[in-house]
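Biologist: Put the chain up, please, and let's go through it question by question.

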Amino acid sequence: CFHHHEGNIMARVFNGSSQYLSASSTLLTNEPIDFVCHATSTSSTAAQRTFSLGNNAASGVFTGGFRGDLAGDTIDTLKQNDAGTAANSQSTGYSINTWYVLGHSFISDTSRASFINGGTKATDTTSVSDPTPDFIALAVTLRSTPSGYFSGSEAEAYFLDANMSDTVHAIVGLGYSPIWSIPISNVRGWYPLQNDNNNRMAGGYPDLAATGSPTDAIHPFNVVYPSINGLITM
């Protein structure tokens, strides 16, 4: 059983310079970690982060997003340890003002992957040790010096204590919730970003607080929610 929403609920809009959502947390600090969201960027020139698990006193982070600053306008998945060693996978390419489902997989110290709409998979195998994240954020890389402010709209953000298979990434890339396909206990954050910044998953990450007063816009159209115990999970 499923529900396909009617397009009248709200995504969150960020200005690319000062707005983001965040909370203090050390819930996920090593692989496996997957992040998925629906997002559309208004910039083809800036480095923009849709999410981060970072350390506010160091440079370490798990992050990813739109890389308009790189040739090919890539979607990347980047891991950086507290000493500053970093590596990323880059999946090309995006166009501005277009909704995408972005998928980011942190698989091990020597494996990470990026997906666009569940496909165009790109991988990287550079060895990078784990950072020590103590913050979760959307629309920025939140660490000792915040960077990569996101310019665009974001919705349906998921933090998973698991790595989805390529097949599941393909399904999620069509707009289906990961809750369809993985144990619900592995969904540690689900932020629809409809009318609030709260996590719909109990026992996971905290609700997020807004910095800089992000605004609202129309939600992406291709979001399909599962029904759990006869109730629509919205």
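Biologist: Which residues form the nonpolar patch on the surface?

Modeller: Patches take residues with over 30% relative accessible area and no salt bridge, joining like charges within 9 Å and nonpolar side chains (Val, Leu, Ile, Met, Phe, Trp, Tyr) within 5 Å. Accessible areas are from the Shrake-Rupley method with a 1.4 Å probe, and for residues only the protein chains shown count as cover. In this predicted model, one nonpolar patch has about 360 Å² of accessible area together, and its members are Ile-171, Leu-174, Tyr-176 and Trp-180.

Biologist: Since it's a prediction, what pLDDT do local features need?

Modeller: Numbering starts from 1 along each chain as its sequence is written, and side-chain values use heavy atoms, with hydrogens and water left out. This is a predicted model, where totals for chains, interfaces and linings use all residues, side-chain atom pairs count only at pLDDT 80 or more, and local features need pLDDT of at least 70.

Biologist: Back to the patch: is Leu-174 buried or exposed?

Modeller: Leu-174 lies in the loop between helix H1 (166-172) and strand E14 (187-191); helices (H or I, at least four residues) and strands (E, at least two) are DSSP runs, numbered from the N terminus. Buried means under 20% relative accessible area, exposed over 50%, and partly exposed in between, with a 1.4 Å probe and protein chains only. Leu-174 has a relative accessible area of 57%, so the label is exposed.

Biologist: And for the chain overall, what radius of gyration do you get?

Modeller: The chain has one helix and 18 strands, and 56% of its 234 residues count as buried. The radius is taken over C-alpha atoms, and the globule rule is 2.2 Å times the number of residues to the power 0.38. With 234 residues, a compact globule would come out near 17 Å, which agrees with the chain's 16 Å.

Biologist: In what order do the strands of the seven-stranded open sheet run?

Modeller: In general, strands of a sheet pair through backbone hydrogen bonds, either parallel or antiparallel. Here two strands pair if DSSP finds at least two bridges between them. The pairing in this open sheet is antiparallel, and the order is E8-E7-E6-E5-E12-E3-E15.

Biologist: Which are the edge strands?

Modeller: An edge strand pairs on one side only, and that picks out E8 and strand E15 (209-211).
That makes the pair E8 and E15.

Biologist: Inside that sheet, which residue stands opposite Phe-51?

Modeller: Strand E5 (residues 47-54) and E6 pair in the antiparallel sense over seven bridges. Opposite Phe-51, in E6, stands Gly-64.

Biologist: Any odd backbone? Which peptide bond has omega near -15 degrees?

Modeller: Most residues other than glycine have a negative phi, and most peptide bonds are trans. The bond from Glu-31 to Pro-32 is cis, with omega near 5 degrees, and Pro-32 is in the loop between strand E3 (20-24) and strand E4 (33-41). Gly-93 is in the loop between strand E8 (86-92) and strand E9 (100-108). The cis bond with omega near -15 degrees is the one from Thr-92 to Gly-93.

Biologist: What's the relative accessibility of Asp-73?

Modeller: Asp-73 sits in the loop between strand E6 (61-67) and strand E7 (74-80), with a positive phi near 50 degrees. Asp-73 counts as buried because its relative accessibility is 19%.

Biologist: Now salt bridges: how far apart are the closest N and O atoms of Arg-112 and Asp-124?

Modeller: A salt bridge is a side-chain nitrogen of Lys or Arg within 4 Å of a carboxyl oxygen of Asp or Glu, and that rule gives eleven. Arg-112 and Asp-124 are both buried. Their closest N and O atoms are apart by 2.4 Å.

Biologist: Is the Asp-76 partner of Arg-67 buried or exposed?

Modeller: The side chains of Arg-67 and Asp-76 meet in a salt bridge at 2.9 Å, N to O. Arg-67 is buried at 11% relative accessibility. Asp-76 is at 0%, so it counts as buried.

Biologist: How many residues apart are Asp-161 and Arg-188?

Modeller: Their side chains meet in a salt bridge (3.5 Å, N to O). Asp-161 is in the loop between strand E13 (151-160) and H1, Arg-188 is in strand E14, and the pair links distant parts of the chain, the separation being 27 residues.
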